[in-house]
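Let's take a walk through this fold together, with the coordinates open beside the text.

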Amino acid sequence: MDSKVNEVWCVDAGCSGNPGPMEYQCISMPTGKRVFHFGPIQGTNNIGEFLAIVHAMALMQRKGLALPIYSDSHTALTWVRTGRAKTSLQYSPETAKALELTARAETWLRQNTFRVPIKKWDTERWGEIPADFGRKAGKPSPQEKK
């Protein structure tokens, strides 16, 4: 993590099933304060990770902030970089909200030039990302470790 930066935002998503109930959140570091939380809605983990990054970017733009954002999702980082979520989630009444939000996020990326450094969280070196929901088998979330 950047040692020269005083504050960074870490985002993560949690999903039970694929698709399943999905939620995402953003945690400010080093304070550990939750910046935002969204969900659950029916979706996928990759969609949640993507939405979390774009949500963080849009919120920073509105607040006049320019902080680095960390995500542990290579897929979401790629989707943000290309401006397109290559999801295979099928439309249904249950998934409609996730797909609508994904389309809105893609539109936001196309229509806004605002960008901040978006970086890959190095889980191997730093442990679970602080925004983790702690749903991986046998691993406590960073919030549970406190």
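**From the sheet to the core**

Before we set off, keep in mind that this is a predicted model. A good place to begin is where strand E4, residues 69–71, meets E5: the two run parallel and are joined by 3 bridges. Within this pairing, Ile69 stands opposite Ile118 of E5.

Now zoom out to the sheet. E4 and E5 belong to an open sheet of 5 strands, ordered E3-E2-E1-E4-E5, and its pairing is mixed. As general background, strands of a sheet pair through backbone hydrogen bonds, in either a parallel or an antiparallel way. At the edges of this sheet you will find strand E3 (33–43) and strand E5 (118–120), each of which pairs on one side only. If you follow the strands across, neighbours are turned against each other by 25 degrees on average, ignoring direction.

Next come the helices that lie against these strands. Helix H1, residues 45–63, packs on the sheet and touches strand E1 (8–15), strand E2 (20–29), E3, E4 and E5. The direction of H1 makes about 150 degrees with that of E1. Helix H2, residues 74–82, also packs on the sheet, where it touches E4 and E5. For H2, the angle is taken with E5, and their directions make about 155 degrees.

What fills the largest nonpolar core? It has 36 residues, and those with the most contacts inside it are Phe50, Leu51 and Met57. Two or more residues come from each of E1, E2, E3, H1, H2 and helix H3 (96–111). H1 gives the most, with 11 residues. To see one of these core residues in its surroundings, select Phe50: beyond its neighbours within four places in sequence, Phe50 is in contact with Ala76, Trp79, Val80, Ala85, Thr102, Ala105, Glu106 and Leu109. There is also a second, separate core of 8 residues, which includes Ile27, Tyr70, Trp121 and Ala131.

Let's finish at a loop. Between E1 and E2 sits Pro19. Is Pro19 buried, exposed or partly exposed? Its relative accessibility is 38%, and because partly exposed covers the range between under 20% (buried) and over 50% (exposed), Pro19 counts as partly exposed. Setting aside its neighbours within four places in sequence, Pro19 is in contact with Gln42, Gly43, Thr44 and Leu89. You can also check the spacing to Ile41, 22 residues away along the chain: the C-alpha atoms of Pro19 and Ile41 are separated by 9.9 Å.

Definitions and conventions:
Residues numbered from 1 in each chain as written. Predicted model: local features only at pLDDT ≥ 70, side-chain atom pairs only at ≥ 80, totals over all residues. Heavy atoms only, no water. Pairing = 2+ DSSP bridges. Helix = DSSP H or I, 4+ residues; strand = E, 2+ residues; numbered from the N terminus. Axes fitted to C-alpha atoms, helices over the stretch in contact; angles between N-to-C directions. Contact = heavy atoms within 4.5 Å. Buried < 20%, exposed > 50% of the residue type's maximum accessible area, 1.4 Å probe, protein only. Core = buried A, V, L, I, M, F, W, Y, C linked by side-chain atoms within 4.5 Å.
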